[in-house]
Amino acid sequence: MKINWYVSQTRPKPEAFGLTVFPCLALAFSNTRFTIISAGIATCAQAAHLTNPTVGEASDLVWTVRPTDNETTDLWISLGKTDSPFSVYQAWTIPDARAGHLATVVDANIPPGIPMSDSSSLTDNAGEAVHDRQAPQSPLDGPELSAKDQMLEEEIAMLDPQLMATVSLAEEQFTDSLYQELVSDDSIEAFLTSCKLYDFEAGRWSSIPNAGEIADKSELYKPIYDIIDTVMKGLGDGVDGERQIKQTHDVRLLHREQHETEHYSSPSLAIKARGPSFELPTFTINGSSTSIGFSNVTACFDVERSNCEESHNGLSQLGQQAVYARQIFIHQPNRKFVRSLVITEHCFHFYHFDRSGAQFVSYINYHDKPDVFIRIILGLSSADEEVLGLDTSVQWVIEDGRKTGGAVTVIDDKTNEEKTYGMLEIEPFLIRFTLCGRCTVCWLVWDAENERELFIKDAWTPSERPDPENELLAEAVGLEGVVQMPPNTAKSRRYVRVVEEYCEKNIMSFGSEMELLCALRDAIAGNANLFAVDVMHCDISCNNIMLGRPGAKRGYRGLLIDLDVSARISRLTPERSIVGSRRTMSISILNNIMNRINKTGLLLSHDHLDELEAFLYVFGYIVHSYNGPGKFDPPSFILDWIEAKTPQAHYLLKSVYLLHADPTLDESIKPFWSDATVELYLEFYMFIRQRAAEKERVRLWRHLKDEEREEILDGITSNPESHYDFVLGLFDRAIEVLSSCKGEKAV
């Protein structure tokens, strides 16, 4: 039975409530805000109480249920608000929460996220209804969301979970110090003295009406537009027409996503730009503008009334501003940071977004501080693209408003010499649609000097990370099975740029059974080679194993890429932050994530067996899902892998796949694969299964002393060379058999 509610990820210790908690049996449903964390088999709910009866706050709802064996036990499920500062939903609004109980039933047929109907009831042992409660409505916008509000809610849901934990309130000194170099105090004073829009005697912008004179925020559009336009024309550094303030409250700035979308935003105002990083919108839908979009704006502004609830503080507007910022990052792939304003008749809120998170400053009175306001306007409309937050080492040729060519400039770390590569494609061939984190952007370029294709990867790495990718790739020069880096790498304080050999297709694009086995074999060998030079890849996945060039020799038929989360083995600790693809993450590492969330349990260091386990998941994903090259037909358990969102869900699914008492994997392997490949896969599976089970048993043996546990773990993980040799031997034998049976050459 599945309990299909969205619930918070905060899981209390069962011992704190004296409960017996059922195993996690239903983890298939999740969304960007809430996830199921516990479920049990039950026939009838008997009672329930809240551990925190305060209305509007997170609480644990504790049920007493009667399970299938008719014994009475307790089951908890945690309900609560998201930690997102710009969230508008609660997972569940508790009716009569102060009464300390909730009337409902455990119903297996409720679609995810849909509240109970008014017929839902809590029953006692005799089956009589004790309470009836009508399901509450969402607090976002009354009984029903408008289409625009619904669209905004969906956009906010796509924002990165990392942003929730990386929002900070900055002091006014932050905005006071910005853009000092753009204009002098004397120039600002002279401007204000001559400007008809500012009243020095009253100390305010005279064109802005007082709060009591405003019936609607639309009455502020024109006066705020006039101020910004006057400042830009009077003090701006741009060539006429390069920067223009536009009213966009009735204009659709279309969004771009990985999937088709008709979403758009309409900020009150925006600064339209021309230049080597900007181009006209490339497509339109339903009356959207052909002259202005997220591809050619420097900044967005929203206008609100001070007495409007939505403008009371900068935090309440953060979600909308983050949506603007994310779209600017997507449409302008050489962006380093994005800034925006929310302006009222009294003050403005300032927002700064970069790949590490968001900062905002609230309640800056622009009547009292016209100099700060003027400098920020000039900064957000500057003709200098570096000032705007753009990386000018990535530039385009613009003809008739469209990008027709481009180039990326790289600085050699050792010689400090610049080298410029022409873009083979105007758009990056890989871009992450995220606001925070690594936010990788990859460019396909041409090395004219050596007449070869290369790709350049820009990735944002934590400043405290000791092993940036370019340094680890330098260690991998000459290693078989690892993508190679020419000696041209640029890095800055905020991001690392790496130039690598171009690999066109990942392993899922295999053209034959032999090509797959050879590519996977050489990638595993590459992982072993990295291990030998003290480097752990830490992110083995289908997307990070590339097919070698046609005719590549042994050792280069499959290549590992993307070392931007890799680490030196000598520096790996159990406390290290865990990143990477959860779909191919080992059971041990997933267990680490859950234990860190729950602040309980043991943490085990990432080791070579976790790497090999990830390779097994790649192999299993392919042999169970592909009935030949390009013929993707995944079984249900692979679909569960794809749809799983939480570490708990991935852990459960991997445990069923790898640690089940009676695995029957061969039944779902596609008929395309030969006996040699099936035998290889099953032997690889059994090898990893045994070692994964041993590691998990050590974690569960709480009676062991630390030194005893370390000794057992050392025994399991010792001799990594022999483990790699064993797995590579399996592949070599299968390749040899396949070559003799089908006549395919291995090289």
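In this predicted model, a cation lies over an aromatic ring at Tyr617. The charged end of Lys654 sits over that ring, 4.4 Å from its centre. A second arrangement of this kind involves Trp396. Here Lys403 lies over the ring face, at 3.6 Å from the ring centre.

Aromatic pairs were searched for across the whole structure, and 26 were found. One of them joins Trp205 and Phe373. The geometry of this pair is edge-to-face, with 6.4 Å centre to centre and 75° between the planes. The partners come from distant parts of the chain, 168 residues apart. Trp205 belongs to strand E8 (residues 204-205), and Phe373 belongs to helix H7 (residues 370-380). Both Trp205 and Phe373 are buried. Phe373 also pairs with Phe348. The ring centres of Phe348 and Phe373 are 5.3 Å apart. Their planes meet at 35°, so this pair is classed as tilted; an edge-to-face pair would need an angle over 60 degrees. Phe348 lies in strand E15 (residues 347-354), 25 residues from Phe373 in helix H7, and this pair too links distant parts of the chain. Phe348 has a relative accessible area of 0% and is buried. For Phe373 the value is 1%, which is likewise buried. Ring pairs extend into a cluster made up of Tyr198, Phe200, Trp205, Phe348, Tyr366 and Phe373. Strand E8, strand E15 and helix H7 therefore each supply a ring to this cluster, through Trp205, Phe348 and Phe373.

Charged side chains were examined next. Side chains of opposite charge can pair when their charged atoms come close. The structure holds 23 salt bridges. Among them is the bridge between Asp610 and Lys695, whose closest N and O atoms are 3.0 Å apart. Asp610 lies in helix H12 (residues 608-625) and Lys695 in helix H15 (residues 675-700), so the bridge ties together parts that are 85 residues apart in sequence. Asp610 is buried at 2% relative accessibility. Lys695 is buried at 3%.

Helix H12 also carries Glu613. This residue is buried yet has no salt bridge. Its nearest side chain of opposite charge is Lys695, 5.9 Å away. The salt-bridge cut-off is 4 Å, so the separation of Glu613 and Lys695 falls outside it. Lys695 is instead bridged to Asp610. Beyond its neighbours within four places in sequence, Glu613 is in contact with Ser586, Ile587, Leu658, Ile688 and Ala692.

A further bridge joins Asp562 and Lys457, with an N to O distance of 2.9 Å. Asp562 lies in the loop between strand E27 (558-560) and strand E28 (567-568), whereas Lys457 lies in strand E22 (residues 452-460). The pair therefore ties together parts that are 105 residues apart in sequence. Asp562 has a relative accessible area of 7% and is buried. Lys457 is buried as well, at 3%.

The side chains of Asp447 and Arg452 also meet in a salt bridge, at 3.1 Å from N to O. The two partners differ in exposure. Asp447 counts as buried at 1% relative accessibility. Arg452 has a relative accessible area of 28% and is partly exposed. Salt bridges also form a network, in which Arg521, Asp522, Arg554, Arg557 and Asp732 are linked.

An uncharged polar residue, Ser541, was also inspected. Ser541 is found in the loop between strand E25 (535-536) and strand E26 (545-547). Despite this loop position, Ser541 is buried, with a relative accessible area of 7%. Leaving aside neighbours within four places in sequence, its contacts are Ser581, Thr584 and Val618.

At the level of the whole chain, 17 helices and 28 strands are assigned. The chain has 747 residues, of which 53% count as buried. Among contacts with a separation of 6 or more, residues 24 or more positions apart account for 67%. The exposed area is about 32,700 Å². Carbon and sulfur atoms supply 49% of that area.

Technical notes:
Residues are numbered from 1 along each chain as its sequence is written. This is a predicted model: local features need pLDDT of at least 70, side-chain atom pairs count only at pLDDT 80 or more; totals for chains, interfaces and linings use all residues. Side-chain values use heavy atoms; hydrogens and water are left out. Rings of Phe, Tyr and Trp (its six-membered ring) pair if their centres lie within 6.5 Å; planes under 30 degrees apart count as stacked, over 60 as edge-to-face and the rest as tilted. Helices (H or I, at least four residues) and strands (E, at least two) are DSSP runs, numbered from the N terminus. Buried means under 20% relative accessible area, exposed over 50%, partly exposed in between (1.4 Å probe, protein chains only). A charge sits over a ring if NZ of Lys or CZ of Arg is within 6 Å of the ring centre and within 35 degrees of the ring normal. Lys and Arg count as positive and Asp and Glu as negative; His and the chain ends are not counted. Contact means heavy atoms within 4.5 Å. Accessible areas come from the Shrake-Rupley method with a 1.4 Å probe; for residues, only the protein chains shown count as cover.
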